[in-house]
Amino acid sequence: MVRREPSEFGKLLRQYRLAAGLSQDMLAERATLSTRAISDLERGARRSPRYETVELLISAFELSPREQAFFRAHARGEDSTSAEDPDARASAQPLLAYA
C-alpha cells in the first residue's frame, strides 16, 4: 500500500481541528460529514476537498470572512499570500475563532 503525505490542506484542516479542541468525530458531527471524510482529508487520501465539503467545514469552524478566504484558498491548492503586498501576507495567516 502506498502511503501518502497529507496535503497542505490536510495539514491546515488538522491544525484548525486541534486548535478548536475537536476530535475527528466531533468535527464530522458538526460539519455533517463522516469521520472517514475528515480522516481521509487529513491523511492525504483525498487530495482536494469538494466545494460543498469546504463550505461545511467553514460553517463547523465558524470562521471569520478573512479566515474563510484563507481556508478556501488552501482547499483550492492556492497560495493565499501575495508576494507584492506585505499586508496581504500578514492577513493570510490562519486565525482561529476558537484560539
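# A guided reading of a six-helix chain

Just after helix 5, Gly77 adopts a positive phi of about 80 degrees. This is a feature of a predicted model, and it offers a point of entry to the chain as a whole. The secondary structure of the protein chain comes to six helices and zero strands. Followed along the sequence, the pattern reads α-α-α-α-α-α. The protein chain has 99 residues, and buried residues make up 37% of them. Among the contacts in the protein chain with a separation of 6 or more, 63% are between residues 24 or more positions apart.

The sign of phi deserves a further remark. Most residues other than glycine have a negative phi. Two residues of this chain may be read against that background. Thr32 is not a glycine, yet its phi is positive, at about 55 degrees. Thr32 belongs to the loop between helix 2 (24–31) and helix 3 (35–43). Is Thr32 buried or exposed? Its relative accessibility is 62%, and Thr32 therefore counts as exposed, the cut-off for that term being over 50%. Glu62 is the second case: its phi is near 55 degrees, a positive value in a residue other than glycine. Glu62 lies in the loop between helix 4 (51–61) and helix 5. With 56% relative accessibility, Glu62 also counts as exposed.

The helices on either side of Thr32 can be considered next. Two packed helices are described by the angle between their axes and the distance between the axes. For helix 2 and helix 3, the axes come within 8 Å and cross at roughly 115 degrees. The crossing of helix 2 past helix 3 is right-handed. On the side of helix 2, the residues that meet helix 3 are Gln24, Asp25, Leu27 and Ala28; on the side of helix 3, they are Thr35, Ile38, Ser39 and Glu42. By character, the residues of this contact divide into three nonpolar, three polar and two charged.

A second helix pair is formed by helix 1 (residues 8–19) and helix 5 (residues 65–75), whose axes come within 9 Å and cross at roughly 145 degrees. Here helix 1 passes helix 5 in a left-handed crossing. Which residues of helix 1 meet helix 5? They are Phe9, Leu12, Leu13 and Tyr16, and their partners in helix 5 are Glu67, Phe70, Phe71, His74 and Ala75. The residues of this contact comprise seven nonpolar, one polar and one charged.

Helix 5 can also be viewed through its buried residues, which are Glu67, Phe70, Phe71, Ala73, His74 and Ala75. The buried residues of helix 5 pack against helix 1 and helix 4. Phe71 illustrates both directions of this packing through its ring. The whole structure contains four aromatic pairs. One of them joins Tyr16 and Phe71, with 5.4 Å from centre to centre and 50 degrees between the planes, a tilted arrangement. This pair links distant parts of the chain, since Tyr16 is in helix 1 and Phe71 in helix 5, 55 residues apart. Tyr16 has a relative accessible area of 0% and is therefore buried; Phe71, also at 0%, is buried as well.

Phe71 has a further partner in Phe61. The ring centres of Phe61 and Phe71 are 6.1 Å apart and the planes stand at 70 degrees, so this pair is edge-to-face. Phe61 is in helix 4 and Phe71 in helix 5, 10 residues apart. Phe61 is buried, with a relative accessible area of 1%. Together, Phe9, Tyr16, Phe61 and Phe71 form one aromatic cluster.

These aromatic residues lead to the interior of the model. In soluble globular proteins, nonpolar side chains tend to be buried together. In this chain, the largest nonpolar core has 21 residues, and those that touch the most other members are Phe9, Leu13, Tyr16, Leu27, Leu57, Phe61 and Phe71. Helix 1, helix 2, helix 3, helix 4 and helix 5 are the elements that each give two or more residues to this core. The largest share, five residues, comes from helix 4.

Leu13 provides a final example. What does Leu13 touch, not counting residues up to four places away in sequence? Its contacts are Leu27, Ile38, Leu41, Glu42, Leu57, Phe61 and Phe71. Leu27 and Ile38 have already appeared where helix 2 meets helix 3, while Phe61 and Phe71 belong to the aromatic cluster.

Key:
Residues numbered from 1 in each chain as written. Heavy atoms only, no water. Axes fitted to C-alpha atoms, helices over the stretch in contact; angles between N-to-C directions. Helix = DSSP H or I, 4+ residues; strand = E, 2+ residues; numbered from the N terminus. Left-handed = near helix turned anticlockwise from the far one by under 90°. Contact = heavy atoms within 4.5 Å. Nonpolar A, V, L, I, M, F, W, Y, C, P; charged D, E, K, R; others polar. Buried < 20%, exposed > 50% of the residue type's maximum accessible area, 1.4 Å probe, protein only. Phe/Tyr/Trp six-rings, centres within 6.5 Å; stacked < 30°, edge-to-face > 60°. Core = buried A, V, L, I, M, F, W, Y, C linked by side-chain atoms within 4.5 Å.
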